[in-house]
Amino acid sequence: MTSAMARTNTGSDTDVLAVRLTAPERAGLQALADGLAGPALVDDPGWQRQARDAGGRLPPRLAAALRSFRHDPGPEGTFTVGNLPVPAALPPTPAVPESVERAATVPAALAVLLGAELGAVIAYREEKHGALVQNVVPVPALAGSQSNGGSVRLEFHTENAFHPHRPDYVGLLCLRPAHEDQVGTQVASIRRALPLMDEGCAAALREARYLTEAPPSFAGAGLSRPHPVLSGAPEDPDLRVDFHATRALDEGAQKALAQLREALWAVRADVVLRPGDMVFVDNRLVVHGRVAFTPRYDGTDRWLHRVFVHLDHRRTRASRPGNGAVLD
Ligand SMILES: O=C(O)CCC(=O)C(=O)O
Ligand SMILES: [Fe+2]
């Protein structure tokens, strides 16, 4: 349990997996990230190799916790790391669409270092120019949109729910917090929500009676094929849904979707990220979203780095030209 995590609906602690670095662990990670920071570019395969190699020198407790989360993400499907060495002095928060971090800064190095311990850090060519480290920042032109540049409430979603190769994990590292203290990423796990649903609805969700549209950040990818929302073990299923972009193909399927949303809402938890906090959500079990907030667009707004991770790099080889990190 970290102070970053509290269950909003009951006020009690969650079973979320969490590690808060001690001062010596933080110093060790600082040295690793400093070694990776410099003129190189994050999107350079040589730099990525160095970052993977540096993973062997992560604080052992952090490496063990990441390994444990990968083995079983727990009932919340969420893992938080606190006290990462994000510098206090930062450039202004960017406020432009499609903002990414190409430079090998300390925060970019941290995001990739931790992500690479879970699997292969990947990106999508059509989204944010295929950059491995992306900025989650409020953008004036996107204020009302269902995108991470928006500031209206962001509906619960599986990341890239429309895509055949969705990320297995989404990592969000906080560089700068929101002005309102309580602006949170929200998470909700199907492991928590399933017991609240009736079997008829769960059965409908297991059938290919849903379509999901690509988000605005993906240039013109269109609609998915019909797909189930729940798949795998009926008692511990994977979840694939975006409550803004997924539509049901019939009335029964729609009723099941509404019940699912209610159940997920009932078990939601707030993850209020502070500078140096990073959260990983298991994108197969957990939907995430965000509360509404009021940006100032003056360089001091909320700023996160985002990375995507795949567990099986080989599975997507046909979509990755040159065996690189970016999916076409
Ligand atoms: O702003 C947030 O906390 C989450 C935004 C989001 O859904 C994303 O970047 O994938
Ligand atoms: Fe997201």
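Which strand does A269 lie in? In this predicted model, A269 belongs to strand β15, which spans residues 269-271. The report below turns to the iron site, then to the pocket of ligand 1, and finally to individual residues elsewhere in the chain.

## The iron site

The iron ion (ligand 2) has three coordinating residues: H157 through NE2, E159 through OE and H288 through NE2, at 2.1 Å. Along the sequence, these donor residues follow the spacing H-x1-E-x128-H. H157 and E159 are thus separated by one residue, whereas 128 residues intervene before H288.

The "binding site" annotation in the UniProt record, an unreviewed entry, covers H157, E159 and H288. These residues are spread over 132 residues of sequence, yet they cluster in space, with a largest C-alpha distance of 8.0 Å.

Two of the donor residues can also be described by their accessibility. H157 has a relative accessibility of 10% and therefore counts as buried, the cut-off being under 20%. E159 is likewise buried, at a relative accessible area of 5%. As for its place in the fold, E159 sits in the loop between β8 and β9, the latter strand covering residues 169-176.

## The pocket of ligand 1

The residues around ligand 1 are V136, N148, L154, H157, E159, T185, H288, R290, R302, L304 and R306. H157, E159 and H288 appear in this list and also coordinate the iron ion (ligand 2). By class, the shell around ligand 1 consists of three nonpolar, four polar and four charged residues. Three strands each supply at least two residues of this shell: β8 (154-157), β17 (286-290) and β18 (303-310).

Polar side-chain atoms approach the oxygen atoms of ligand 1 from several residues. For R302, a polar side-chain atom lies 2.8 Å from an oxygen atom of ligand 1. R306 likewise places a polar side-chain atom 2.8 Å from an oxygen atom of the ligand. In the case of H288, an N or O atom of the side chain is 3.1 Å from an oxygen atom of ligand 1. Of the 300 Å² of accessible area that ligand 1 has on its own, the protein covers 99%.

## Strand β8 and the loop that follows

F156 is placed in strand β8, one of the strands that contribute to the shell around ligand 1. With a relative accessible area of 1%, F156 is buried. The C-alpha atoms of F156 and V187 are separated by 7.7 Å, although the two residues are 31 residues apart along the chain.

N160 is found in the loop between β8 and β9, where E159 also lies. What is the sign of phi at N160? The phi of N160 is positive, at about 50 degrees, although the residue is not a glycine. Most residues other than glycine have a negative phi. N160 counts as buried because its relative accessibility is 3%.

## A second positive phi

N323 also has a positive phi, of about 60 degrees, and is not a glycine. The residue is located in the loop between β18 and β19, the latter strand comprising residues 326-327. Is N323 buried or partly exposed? At 44% relative accessibility, N323 counts as partly exposed, whereas N160 counts as buried.

## Residues elsewhere in the chain

A269, the residue introduced at the outset, is buried, with a relative accessible area of 0%. A269 and G184 are 85 residues apart in sequence, and their C-alpha atoms are 9.2 Å apart in space.

T93 occupies the loop between β4 (78-82) and β5 (103-104). This residue is buried, with a relative accessible area of 6%. The side chain of T93 reaches the backbone oxygen of D301 at 2.7 Å.

P39 lies in strand β3, residues 38-41. At 86% relative accessibility, P39 counts as exposed. P39 and R274 are 235 residues apart along the chain, and their C-alpha atoms are separated by 27 Å.

Technical notes:
Residues are numbered from 1 along each chain as its sequence is written. Chains are lettered from A and ligands numbered from 1 in the order in which they are written. This is a predicted model: local features need pLDDT of at least 70, side-chain atom pairs count only at pLDDT 80 or more; totals for chains, interfaces and linings use all residues. Side-chain values use heavy atoms; hydrogens and water are left out. Donors are N, O and S atoms within 2.8 Å of the metal (3.2 Å for Na, K and Ca); water is not among the atoms, so sites may look incomplete. Buried means under 20% relative accessible area, exposed over 50%, partly exposed in between (1.4 Å probe, protein chains only). A residue is near a molecule or strand if one of its heavy atoms lies within 4 Å of it. A polar contact is a pair of N or O atoms within 3.5 Å; within protein, one must be able to donate a hydrogen and the other to accept it, and residues adjacent in sequence count only if both atoms are side-chain atoms. Accessible areas come from the Shrake-Rupley method with a 1.4 Å probe; for residues, only the protein chains shown count as cover. Helices (H or I, at least four residues) and strands (E, at least two) are DSSP runs, numbered from the N terminus. Ala, Val, Leu, Ile, Met, Phe, Trp, Tyr, Cys and Pro count as nonpolar, Asp, Glu, Lys and Arg as charged, and the others, Gly among them, as polar. UniProt positions are given in the numbering used here, feature names are shortened, and annotations may be inferred rather than shown by experiment.
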